[in-house]
Amino acid sequence: MTKFIEKHPYWSIIILWAAVYIAHLGWLYPNIMEARNFVTAREMVTDGNWILTTMDGLARYEKPPLPTWLTAFSGELIGWESLMALRLPAALVTLLLLFYMFSLSRKLTQNNHLALLTSLIAGTSFYVIFAGRNGTWDIFAHAFMLVGIYYLFQFLSQAEKLYRNALLAGLLIGLSFMSKGPVSHYALLLPFLIAYGFTYKYKAFSKKWWPLLAMILVIALLSSWWAIYIYVYDTAEATRIATKESSRWVGYELKPFYYYWSFFTQSGIWTIPAFVGLLYPYLKKKVSNKKAYLFVLLWTIMAVVLLSLIPTKKSRYLLPVLIPLAMTTAFYIEYLILNFRQIFSKWEKWPVYFNFGLIATIGLVFPLGAFLYFGEKLDGYYLYYILTSIALVAVGAFIWYSLIQQKLGRVFYGTIAFVMVVITFGFPLSNALLGNPDYNSLASLSKRQLPIYALEDLAPELVWDYGTHTVHITDEELLLMDESTIGVFTDYSVEKNKLDFLNQKYQVESIETFDLNPVDSTRSSYKDRLKADFYVLKKISRVVN
């Protein structure tokens, strides 16, 4: 099996991708970021807002439209009722990312085995999995950027095919901007350029200036045309949103400089190997390619430093760091695979036994632990529980046996299998923890034959569930309304008195509360913003004597 995996790296990546990024892709409810994006994609199709993008009928220019276009195409092709269809573009671009991680690592090291380790580590890292299984746009920006960096690396390091590499690099770097603005340029490209200059130097540029100018021109055109278009055709909204977005980088989610210093934990199951892989004094004489290792290490560190300089910080902003981090981790894993039996120091071996032994032990105790944890909630999920238990016990036993035999190659692939089993068989068990007896979808409102308005902005999840954009109305417009019967949304309130100011004109009846929370109100993750009240207003007839 190990020989097949290493002999067919692309098939191995595809199998991993299918198990981790496609299985149960439509299982979970959309989160707030997905809901915003899905609503925008739907309104591209229903309202024709392909360039002047909207969310709930209002201008939404915070993000460029490329991933939204791809999501809209997928929704039209497969069906808007399928969450898998809407998340599929993100999963596909993750496959592109994994392929080019293999290609870039191989180009750097001329080492197929190390390149495959890099891709498999990246594909099983926690936040890469999270981003690749969600309809959010970070993965698009960084995947396109990595492909651009692959061709940029060839442009910088080779004297052949200069225009091809320059134009392809420009195209992909431009597509990255079209996915999420300059985020990946700052967090992935700039650290790459700094690390490359320090490690490989910028040499032999005498014949590269014209191709370089062509690259810059392509990047500039792709990065600017949409911003210019929306500014020309909707200047006021474009200016307002640009001002708001720029202020968020310095006045929103403020965290201290050291907030990202635990960045390696975002790799999830690879946390300990990722940390050890950063220890340059320890690994510099042990890795198979010292120069390439130094390069990806500097790339990783510079990405963290540059992100730390931005006052606004969120854990998900560390996604680009996981790309070079997977490469540094791969160098350490390769060293263990080739040399573990020759290591005599217990201080070198105990992190390995602890990390992989813990994973194996989790697999072995899963059946009992899950049964005690889920209890009666397993009703309806026993098939997934049984399949997951059998598979994880088998994988756990395999990892422990291989670890005792000091066959670290098998330990590594057993760890990859562990992640694949958790997603393929165990992921549906997450829904056993959900359940809200008051869950009430807005979809039923489509059967009501009356005009419906929204007095207040609904949460993006509610707008997505509603099925179309709401019609916004103000208090003053409601007072002037002349229709006999209308429906009105408001934010949730216990008192149900938000429309009392209309009592002189309308008979106000509270009809129902819509609740999209997947958990009940006793859980800490329960959110009132996922609720909305619906009223029916009937105009009071005045009898004139």
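## Helix crossings, strand pairing and loop residues

In this predicted model, helix H16 meets helix H17 through Tyr-332, Ile-333, Tyr-335 and Leu-336 on the H16 side and Glu-348, Val-352 and Phe-356 on the H17 side. By class, the residues of this contact are six nonpolar, no polar and one charged. H16 covers residues 322-339 and H17 covers residues 346-374; their axes come within 13 Å and cross at roughly 105°. Angles of 65 to 115 degrees count as roughly perpendicular, and H16 and H17 are therefore roughly perpendicular to each other.

A second helix pair is formed by H4 and H9. Leu-66, Pro-67 and Trp-69 in H4 are in contact with Leu-175, Met-178 and Ser-179 in H9. Five nonpolar residues, one polar residue and no charged residues make up the contact of H4 with H9. The axes of H4 (residues 66-78) and H9 (residues 162-180) come within 6 Å, with a crossing angle of roughly 80°. H4 and H9 are therefore also roughly perpendicular to each other.

The axis values for the two pairs are set out below.

| Helix pair | Axes come within | Crossing angle |
|---|---|---|
| H16 (322-339) and H17 (346-374) | 13 Å | roughly 105° |
| H4 (66-78) and H9 (162-180) | 6 Å | roughly 80° |

### Overall form

The protein has 21 helices and six strands. Its radius of gyration is 27 Å, close to the 24 Å that the globule rule gives for 545 residues, so the protein is as compact as a globular protein of that length. The C-alpha trace spans about 105 × 65 × 45 Å along its principal axes. Of the 545 residues, 53% count as buried. Among contacts with a separation of 6 or more, 78% are between residues 24 or more positions apart.

### Strand S4 and its partners

Strand S4 (residues 485-491) is mostly covered, with five of its seven residues buried. S4 pairs with strand S3 (residues 452-454) in the parallel sense, over three bridges. One of the bridge partners in this pairing is Phe-489 in S4, which is matched with Ala-454. S4 is also joined to strand S6 (residues 531-539), by seven bridges, and these two strands run antiparallel. Here Thr-490 has Asp-533 in S6 as its bridge partner.

Asp-533 also appears among the contacts of Ser-493, a residue in the loop between S4 and strand S5 (506-515). Leaving aside neighbours within four places in sequence, Ser-493 is in contact with Lys-498, Asp-533 and Tyr-535. Ser-493 has a relative accessible area of 8%. Buried means under 20%, so Ser-493 is buried.

### Positive phi in two loops

Two loop residues other than glycine have a positive phi. His-24 has phi near 55° and lies in the loop between helix H2 (9-22) and helix H3 (32-47). For Gln-406, phi is near 60°, and the residue lies in the loop between helix H18 (382-404) and helix H19 (408-426). Gln-406 is partly exposed, with a relative accessible area of 23%.

Conventions: Residues numbered from 1 in each chain as written. Predicted model: local features only at pLDDT ≥ 70, side-chain atom pairs only at ≥ 80, totals over all residues. Heavy atoms only, no water. Axes fitted to C-alpha atoms, helices over the stretch in contact; angles between N-to-C directions. Helix = DSSP H or I, 4+ residues; strand = E, 2+ residues; numbered from the N terminus. Parallel < 35°, antiparallel > 145°, perpendicular 65-115°, else oblique. Contact = heavy atoms within 4.5 Å. Nonpolar A, V, L, I, M, F, W, Y, C, P; charged D, E, K, R; others polar. Buried < 20%, exposed > 50% of the residue type's maximum accessible area, 1.4 Å probe, protein only. Pairing = 2+ DSSP bridges. Rg over C-alpha atoms; globule rule 2.2 N^0.38 Å.
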